[in-house]
Amino acid sequence: MVPIEILATDPWRAKMALSNTFGKGRIFLAGDAAHQNPPWGGHGFNTGVGDAVNIGWKLAAVLNGWAPTSLLATYEVERRPVAVETIAVATQNMATLAPELADPRLMGSDDKFAAARHQVAEVVQRTKASEFHSLNLVLGTTYRSSPIVVAGASARQETPDNLGDYHPSATPGARLPHTWLSPQKSLYDLLGREFSLVGDPHAAGWTPMLEAASELSIPLTPVELRSELARQLFEVPLVLVRPDQHVAWRGTAPDDAREVLLRVTGHPVMPVGER
Ligand SMILES: Cc1cc2nc3c(=O)[nH]c(=O)nc-3n(C[C@H](O)[C@H](O)[C@H](O)COP(=O)(O)OP(=O)(O)OC[C@H]3O[C@@H](n4cnc5c(N)ncnc54)[C@H](O)[C@@H]3O)c2cc1C
């Protein structure tokens, strides 16, 4: 037994707290200042970083002059629902706590331990599944209803509504699917600091998108991929990727590249289609 001396205690309570608004005027709330969830599942820091990445590129775009201030309002639209879902999941994870899962037989003789072990493991797995297996909650965040995401006709596959199974998808609003282009080179390494157009340079929308971005002074990095690889990853030849690595638009060619770029940077425009 190691003798210990308690020098101080810090009372703490699990909180389910959500700010009514994530921003007003020049002030934006991110991380625990905007939302707090019980720590079971370990989602507090993830969502805080997600907030910072989301508001970060939007602030940079406005300050650098290639997006209107109205873009900033989409921060709350995109991130508050993520906080709502995370709080709900973490609250559910809190329903069964470790002391309730402790079985005195585990501290008994080897025989008692062996008899109890599999039973306890089954109960732990069953009651804590959403706490242990939540990759889709973390990576599957999809801003499918965002006003700065162009759903288009090709947005047929949505991220499944389960916590564990993450199936990368280039559906607009989702995180860009990752792939290794070579053992040392990730697709993500090729993305620009701002927007990126990723895919087949022979697709009909490639040049119009690059030209429209140049005309509108929207920074857009072209990332060329073999057409088969693009189709395999995205189901279409081209994806427009935001600075936070979420897909803003995908397709072969937009009806109007200018309109797409204006919409995804927060300008008020009419709905756009796709040909
Ligand atoms: C027991 C426990 C376990 C957790 N486990 C996990 C986990 O496994 N995984 C996970 O992702 N998350 C976990 N979290 C949650 C995670 O720690 C928080 O969500 C995260 O730290 C929030 O980061 P933040 O930057 O938003 O806020 P904070 O970390 O609270 O940072 C805010 C900072 O602002 C400073 N500050 C406050 N007021 C002022 C002021 N007026 N001027 C200047 N500075 C100020 C504070 O001192 C603090 O340093 C856990 C939390 C707890 C309590």
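**Close-up 1. Val198 and Val223 face each other across two paired strands.** In this predicted model, Val198 sits opposite Val223 of β8. The strands here are β7, which covers residues 195-199, and β8; they run parallel to one another and are joined by five bridges.

**Close-up 2. Four strands make an open sheet.** Step back from the valine pair and the rest of the sheet comes into view. Reading across, the order is β8-β7-β9-β10, and the pairing is mixed. The edges belong to β8 (220-224) and β10 (247-251); each has a single partner strand, so one side of each has no neighbour in the sheet. From one strand to the next, the twist averages 15°.

**Close-up 3. Ten residues? Here is who surrounds the ligand.** Which residues are around the ligand? Gly31, Asp32 and Ala33 are there, along with Pro39, and then Gly42, His43, Gly44, Phe45, Asn46 and Gly48. Sorted by character, the shell around the ligand comes out as three nonpolar residues, six polar ones and one charged.

**Close-up 4. Pulling back to the whole protein.** For context, here is where those views sit. The protein has nine helices and ten strands, and its C-alpha atoms fill a box of roughly 75 × 45 × 30 Å along the principal axes. What share of the 275 residues counts as buried? The figure is 36%. As for contacts with a separation of 6 or more, 64% of them link residues 24 or more positions apart.

How values were computed. Residues numbered from 1 in each chain as written. Predicted model: local features only at pLDDT ≥ 70, side-chain atom pairs only at ≥ 80, totals over all residues. Pairing = 2+ DSSP bridges. Axes fitted to C-alpha atoms, helices over the stretch in contact; angles between N-to-C directions. Near = placed C-beta within 6 Å. Nonpolar A, V, L, I, M, F, W, Y, C, P; charged D, E, K, R; others polar. Buried ≥ 20, exposed ≤ 12 C-beta atoms within 10 Å, placed from the backbone. Contact = placed C-beta atoms within 7 Å.
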